[in-house]
Amino acid sequence: MCFKSQATQAQVYDLEKILCHEMPHFWHVCNRGVNPELGKIAGTTREMLQSNPLALTQLLIAYHTLVAAQGY
């Protein structure tokens, strides 16, 4: 199985909207305005980089973890 590690800012935003609409109490996790660390990663020289694939992964893991915990 091969995955491309590309995601646009628009794709991350669209997923944020979908997840936040489905679970309004998830807002504090999935909104970059509230959670600016979403998708952030330290580079090799400790500079902060924005990774859209990481943001998508974080959103999906957090969403499914909360869904499992809530028993949806």
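## Exercises on a predicted model

Helix 1 passes helix 3 in a left-handed crossing. The model is predicted.

**Exercise 1.** Work out how the elements of the protein chain are ordered from the N terminus on.

*Solution.* Start with the tally: three helices and two strands. Then read along the chain. The order is α-α-β-β-α.

**Exercise 2.** Decide whether helix 1 and helix 3 are roughly parallel or roughly antiparallel.

*Solution.* Take the geometry first. Helix 1 (residues 9-22) and helix 3 (residues 52-70) pack at about 15°, and their axes lie 9 Å apart. Angles under 35 degrees count as roughly parallel. Therefore helix 1 is roughly parallel to helix 3.

**Exercise 3.** Find which residues of helix 1 and helix 3 meet, and sort them by character.

*Solution.* Helix 1 brings Gln9, Gln11, Val12, Leu15, Glu16, Leu19 and Glu22. Helix 3 brings Asn52, Ala55, Leu56, Leu59, Leu60 and Tyr63. Sorted, the residues of this contact are eight nonpolar, three polar and two charged.

**Exercise 4.** Locate Arg46, describe its phi, and say whether Arg46 is buried or exposed.

*Solution.* Arg46 sits in the loop between strand 1 (40-42) and strand 2 (48-50). Its phi is positive, about 70°, although Arg46 is not a glycine. Most residues other than glycine have a negative phi. Next, accessibility. Exposed means over 50%. Arg46 has 73% relative accessibility, so Arg46 counts as exposed.

**Exercise 5.** State what share of the protein chain is buried, and what supplies its exposed area.

*Solution.* Of the 72 residues, 31% are buried. The chain exposes about 5,300 Å². Carbon and sulfur atoms supply 61% of that area.

Conventions. Residues are numbered from 1 along each chain as its sequence is written. This is a predicted model: local features need pLDDT of at least 70, side-chain atom pairs count only at pLDDT 80 or more; totals for chains, interfaces and linings use all residues. Side-chain values use heavy atoms; hydrogens and water are left out. Helices (H or I, at least four residues) and strands (E, at least two) are DSSP runs, numbered from the N terminus. Buried means under 20% relative accessible area, exposed over 50%, partly exposed in between (1.4 Å probe, protein chains only). Axes are lines fitted to C-alpha atoms, for helices over the stretch in contact, and angles run from 0 to 180 degrees between N-to-C directions. Angles under 35 degrees count as roughly parallel, over 145 as roughly antiparallel, 65 to 115 as roughly perpendicular and the rest as oblique. A crossing is left-handed if the near helix is turned anticlockwise from the far one by less than a right angle, and right-handed if clockwise. Contact means heavy atoms within 4.5 Å. Ala, Val, Leu, Ile, Met, Phe, Trp, Tyr, Cys and Pro count as nonpolar, Asp, Glu, Lys and Arg as charged, and the others, Gly among them, as polar. Accessible areas come from the Shrake-Rupley method with a 1.4 Å probe; for residues, only the protein chains shown count as cover.
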